[in-house]
Amino acid sequence: MPAQSAPPRPRQGRRAFLIVVLGIVVGLIAWLVTGLLADKRGVQPIVLAEVIQRGAAAGFNVLLITLDTTRPDHLGCYGYELAKTPVIDSLASHGVLFEDAVTSVPLTLPSHATILTGRYPPTIGVRNNGTSRLSEEHVTVAEILKSNGYDTAAFVSCFVLDRRFGLDQGFDLYDFKISEDNRLGPVSLQHERRADAVTTPAIQWLQDRQRSGTTFPFFLWVHYFDPHEPYNPPIIDPALHRGKPYDAEIAFVDRHLKRLL
């Protein structure tokens, strides 16, 4: 991309726009979208109609959260009575829940490349995990927001989203570390870090910004891989999750999503 001078950085307001994307293992993606208006009393919902007009969300903070391989029929907001997902359910109840959405491709790297660029896999050439890379010729939402005065950071939790595959474009900070206890075999693409280990540095980044007194808005992407196999959850409630490791993984993410929000 040709170098361009960035416009003056907008002042950071108290509004935030939050997008939660739930990747579905069977090829569906359910989107939970909510606009949030933060004030001194806490975080309160804002009517989405207020932000759909062009330019109306200028200067908003943007938080993108993606959950790998998360099925809608294992979330409370989609009617699963055994779910322990109160935070996700609350977002759905205060925002917009899509009941019929189809992913461009049921694979982690290509689907996230589509989310960040808005372009289909055949167009951007990202078709598979581990063997594809997003070319620098394609523009990401992080690049667009950065050129418009945003601080940008990403905290991802699986090897297939490592910066070597090109999704780091436009991010001031692109953070991925594998904890030793979550390393798999040398040929595996599923090395990961758990929800607690990805949430903590993301919170630290937000706190560092607050302490610095920055007035710039931010774009923050946090990705959770826990619901992906192999299922080895830190058990939250053995009585509820015995024999349901997949549900336990989702519940673990929900708990740390609360910390982040």
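Visitor: Which residue of strand 7 is the bridge partner of Ala154?
Guide: In this predicted model, helices (H or I, at least four residues) and strands (E, at least two) are DSSP runs numbered from the N terminus. Two strands pair if DSSP finds at least two bridges between them; strand 6 and strand 7 (residues 173–175) do so in the parallel sense, over three bridges. Within this pairing, the partner of Ala154 is Tyr174.

Visitor: What mean pLDDT does strand 6 have?
Guide: This is a predicted model, in which local features need pLDDT of at least 70 and side-chain atom pairs count only at pLDDT 80 or more, whereas totals for chains, interfaces and linings use all residues. Residues are numbered from 1 along each chain as its sequence is written, and side-chain values use heavy atoms, with hydrogens and water left out. pLDDT is the predictor's confidence in each residue, from 0 to 100. Among the elements of the protein chain, strand 2 (residues 29–39) has the lowest mean, 31, while strand 6 (residues 151–155) has the highest, 97.

Visitor: For residues 23–46, how many contacts beyond four places in sequence does the model have?
Guide: The protein chain averages a pLDDT of 79, and 75% of the residues score at least 70. Over residues 1–14, pLDDT stays under 50, and the model has 29 contacts (heavy atoms within 4.5 Å) beyond four places in sequence there. pLDDT also stays under 50 over residues 23–46, for which the corresponding number is 89.

Visitor: Which residue of strand 8 stands opposite Asp151?
Guide: Five of the five residues of strand 6 are buried, where buried means under 20% relative accessible area, exposed over 50% and partly exposed in between (1.4 Å probe, protein chains only). Asp151, Ala153 and Phe155 cover one face, with Thr152 and Ala154 on the other. Strand 6 runs parallel to strand 8, joined by five bridges. Opposite Asp151 stands Phe218.

Visitor: Which residue of strand 8 stands opposite Leu63, and why is strand 4 described as largely enclosed?
Guide: Strand 4 is largely enclosed by the rest of the structure because seven of its seven residues are buried. One side presents Asn61, Leu63, Ile65 and Leu67, and the other Val62, Leu64 and Thr66. Six bridges join strand 4 to strand 8 in a parallel arrangement. Across from Leu63 is Leu220.

Visitor: Which element supplies the largest share of the largest nonpolar core?
Guide: A nonpolar core is a set of buried Ala, Val, Leu, Ile, Met, Phe, Trp, Tyr and Cys residues joined through side-chain atoms within 4.5 Å. The largest has 25 residues, of which Leu161, Leu167, Phe171, Tyr174, Phe219 and Trp221 touch the most other members. Strand 4 (61–67), helix 2, helix 4 (141–147) and strand 8 (218–224) each supply at least two residues of this core. The largest share, three residues, comes from helix 2.

Visitor: How many residues does the second, separate core have?
Guide: Leaving aside neighbours within four places in sequence, Trp221 is in contact with residues including Leu64, His112, Phe155, Leu161, Leu167, Phe171 and Tyr174. A second, separate core includes Leu91, Ile203, Tyr224 and Phe252. Its number of residues is 24.

Visitor: With which side chain does that of Thr108 make a polar contact of 2.9 Å?
Guide: Thr108 is found in helix 2 (residues 108–117) and counts as buried because its relative accessibility is 7%. Beyond four places in sequence, Thr108 touches residues including Asn129, Cys158, His223 and Phe225. A polar contact is a pair of N or O atoms within 3.5 Å; within protein, one must be able to donate a hydrogen and the other to accept it, and residues adjacent in sequence count only if both atoms are side-chain atoms. At 2.9 Å, the partner of the Thr108 side chain is that of Asp68.

Visitor: Is Thr69 buried or exposed?
Guide: Thr69 lies in the loop between strand 4 and helix 1. Phi of Thr69 is near 45 degrees, a positive value in a residue other than glycine. Because its relative accessibility is 15%, Thr69 counts as buried.

Visitor: Which residue follows Glu229 across a cis peptide bond?
Guide: The residue in question is found in the loop between strand 8 and helix 6 (238–241). Omega of the bond from Glu229 is near 0 degrees, and the bond leads to Pro230.
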